[in-house]
Amino acid sequence: MIVARRWLMPSLLALTALLAFGSVLVGKVTLTWDMWASHDPTTRIVFMELRVPRALLGIVIGFALGMSGAAMQAYLRNPLADPGTLGVSAMAAFGAVLSIFFGVAGLHPWALPLCGVAGGVLAMAALFLLAGRAASVLTLVLSGVILSSLAVAGISVMLSLSPSPWAATEIIRWMLGALTDRSLDDLTLATPMIAIGATLIFLCREDLNALTLGEVGAQSLGINIKRTQWMLCLGMGLLVGASVAVTGIIGFVGLVMPHLLRPLLGAKPSALLLPSAIGGAALVLAGDILVRVLPGGSELQLGVVMSLIGAPFFFALLYSLRRRVL
Amino acid sequence: MNTIKVSQLSFSRGPRPILTDIDLTLQPGRLTAILGPNGAGKSTLLANMAGLLKPNRGHIELGGLELRALSSRERAQRIAYLPQFPEIAWPIDVETLVGLGRIPFAGVATEREDCRAVLHAMEMTATSSWARRIVTELSGGERARVLLARVFAGTSQWILADEPFTGLDPAHQFEAVESLRRFAAEGGGVVLTVHDLSLAARTADRVVVLNDGRIVADGTPEEALDPAVLRSVYGVETEWLVAGVRRTPVIAIHGRHFG
């Protein structure tokens, strides 16, 4: 276990770098050294304006999703928590969709992601409110069901009311997350928000550790729970909102990563934040490579693939925990 | 001085008063036991003294300063609190759990000081050999000892523990009491809520008896646990016995009092 602890972060970083490299090469046309050496301008454009932003975005989004999952599980003291399963991502998507529907999105490039963030923050606040103190797994998952249904219903309303087919396609984009055809602009939009969100959460790491002893335990250790809640609400809203705004809903990354890492690193919440984030980046990159190498006419959406992998994982997890939670 | 001074404290949940007009001055260097029937307000009093609840009326001072005026961090550095039903959310190892007690000192103490405090706390509770064991896999009594170690690691001038001996076998109960007495002998203050009359008689320097949210007796164990007090508070007939060459006090319960 000690050996694993020492080597895990370097290995994860190396894996992420490797996958990022792979992600740059893979696509409709696989980049080879010859093509690169030929100084063909088209190759350069594909490389610089499509492949590299896509890989970088994969890293940033995966980082955000991995960290948000670890933070959420730590705060709610619940291994089933994840922005995807608890409806935070869906609410962020709803926020983004609303901004398109009402034309706010066109006003300023920041408008749409900020609406996504607002959706995420609201969802977190609602979750804290609904789930209340020391929520059981059942209350929590049910709160997630409520939030998800609300968001999906809201998005459906927007879809059927949407005036143009263009808006409808845009809206559907948020339901099925993907990294396809994202540009450097998306990257520059999401990265600062995610950086701030990650910092806020990182500042709460001791609070999250203290919460291992429950809310009363944490308070007796001098933690101001209200402050922690606010910082997490905002931090999670930024991470999830910004990711969803540029890539749509990509679920399960935050659920899966802390679980894979806990046996290797131990369960101390602060020790999982960064490794989960790096692992999330690797997972998203791997998924994004997978959707491009799978045979077929058009590539599958990354969000769909993650759900295909993640849902059975979630099921297995719930099954293994059922004695403890129900 | 680090005296805890409670004056005119009242606390209620909704319309129901839990504590009424509590006046209590506790000196460090002693072990004080709070007793009383279920629902008498023992835990609420302890949580108020730990600064975790906001009294409706009255004041609590720590070393002459209003407790609620201290930052939560300063408060936590001076008062370590063990709740009656401690929660452990994650399967962390014993050393990590005991280390959580050092959270109030983050940025204040050096890593070496933290390390020393954790090791010392584990020695005091005879849990050193379990450093790498997973807390959630321990038995109830083992877990209680580890949680007590967490409290020792975070000292602090005061330890307020809500029924810390639940689930401990007689030997470990004895050791846990001894470790708390040692802490008090070294100048720390200890306040415990307990149910065991004999345990209180044997170990406490001072006993405070609560009933219906009021202090009904306060003094040495002999004074506060007088059969007349116990009769009126618990409705039981008791008798003080002294056992063996060590003259260990035992409070025998003969039966329910009908009168």
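**Exercise 1. How are α3(A) and α8(A) oriented to each other: roughly parallel or roughly antiparallel?**

Before we start, keep in mind that this is a predicted model.

*Step 1.* Find the two helices: α3 spans residues 41-76 of chain A, and α8 spans residues 184-203 of chain A. They pack at an angle of about 25 degrees, with their axes 10 Å apart.

*Step 2.* Apply the cut-off: angles under 35 degrees count as roughly parallel. α3(A) and α8(A) are therefore roughly parallel to each other.

*Step 3.* Add the handedness. The crossing in which α3(A) passes α8(A) is left-handed.

*Step 4.* Look at who makes the contact. From α3(A) come residues including A:Leu56, A:Val60, A:Phe63 and A:Met67, and α8(A) supplies, among them, A:Leu187, A:Ala190, A:Ile194 and A:Ile201. Sorted by class, this contact has 14 nonpolar, two polar and one charged residues.

**Exercise 2. Work out the relative direction of α8(A) and α11(A), then describe their contact.**

*Step 1.* Helix α11 covers residues 225-247 of chain A, and its packing angle with α8(A) is about 160 degrees; the two axes lie 8 Å apart.

*Step 2.* Here the other cut-off applies, as angles over 145 degrees count as roughly antiparallel. That is why α8(A) and α11(A) are described as roughly antiparallel to each other.

*Step 3.* α8(A) passes α11(A) in a left-handed crossing.

*Step 4.* On the α8(A) side the contact includes A:Leu189, A:Met193, A:Ile196 and A:Leu200, while on the α11(A) side A:Leu234, A:Gly235, A:Leu238 and A:Ala242 are among the residues involved. The class count for this contact is 17 nonpolar, three polar and one charged residues.

**Exercise 3. Describe the overall make-up of chain A and test its size against a compact globule.**

*Step 1.* Count the elements: chain A has 14 helices and zero strands.

*Step 2.* Consider the extent. Along the principal axes, the C-alpha atoms of chain A fill a box of roughly 65 × 55 × 35 Å.

*Step 3.* Compare with the expectation. A compact globule of 326 residues would have a radius of gyration near 20 Å, and the 20 Å of chain A agrees with this.

**Exercise 4. Trace the four-stranded sheet of chain B and find its edges.**

*Step 1.* Write down the order. This open sheet of chain B runs β2-β1-β4-β5, with antiparallel pairing.

*Step 2.* Locate the edges. β2 (16-26) and β5 (65-66) of chain B each have a single partner strand, so one side of each is left without a neighbour in the sheet.

*Step 3.* Follow the pairings of β1(B). Seven bridges join β1(B) to the antiparallel β2(B), with B:Ile4 partnered by B:Leu26 in β2(B). β1 (residues 4-13) also pairs with β4 (residues 57-62) of chain B, in the antiparallel sense, over five bridges; there, B:Val6 stands opposite B:Ile60.

*Step 4.* Inspect the turn. β1(B) and β2(B) form a hairpin with two residues between them, and B:Gly14 in that turn has a positive phi of about 60 degrees.

**Exercise 5. Do the same for the six-stranded sheet, then place the helices that lie across it.**

*Step 1.* The order in this open sheet of chain B is β6-β7-β8-β3-β9-β10, and the pairing is mixed.

*Step 2.* β6 (79-82) and β10 (214-219) of chain B are the edge strands; each has a single partner strand, so one side of each lacks a neighbour in the sheet. From one strand to the next, the twist averages 15 degrees.

*Step 3.* Look at a parallel pair: β3 (residues 31-35) and β8 (residues 189-193) of chain B are joined by four bridges. B:Ala33 has B:Leu192 of β8(B) as its bridge partner.

*Step 4.* Add the helices. α6 (residues 170-185) of chain B lies across β3, β7 and β8, at about 145 degrees to β8(B). α1 (residues 42-49) of chain B lies across β3, β7, β8 and β9, at about 150 degrees to β8(B). α1(B) also lies across β1, β2 and β4 of the chain, running at about 125 degrees to β1(B).

**Exercise 6. Characterise the contact between the two chains.**

*Step 1.* Chain B contributes 21 residues and chain A contributes 19 residues.

*Step 2.* On the chain B side, α2 (72-78) and α3 (94-100) are the elements that give two or more residues. α2(B) gives the most, with four residues.

*Step 3.* By class, this side of chain B has 15 nonpolar, two polar and four charged residues.

Note on methods:
Residues are numbered from 1 along each chain as its sequence is written. Chains are lettered from A and ligands numbered from 1 in the order in which they are written. This is a predicted model: local features need pLDDT of at least 70, side-chain atom pairs count only at pLDDT 80 or more; totals for chains, interfaces and linings use all residues. Two strands pair if DSSP finds at least two bridges between them. Axes are lines fitted to C-alpha atoms, for helices over the stretch in contact, and angles run from 0 to 180 degrees between N-to-C directions. Two residues are in contact if their C-beta atoms, placed from the backbone, lie within 7 Å. Ala, Val, Leu, Ile, Met, Phe, Trp, Tyr, Cys and Pro count as nonpolar, Asp, Glu, Lys and Arg as charged, and the others, Gly among them, as polar. Angles under 35 degrees count as roughly parallel, over 145 as roughly antiparallel, 65 to 115 as roughly perpendicular and the rest as oblique. A crossing is left-handed if the near helix is turned anticlockwise from the far one by less than a right angle, and right-handed if clockwise. The radius of gyration is taken over C-alpha atoms; the globule rule is 2.2 Å times the number of residues to the power 0.38.
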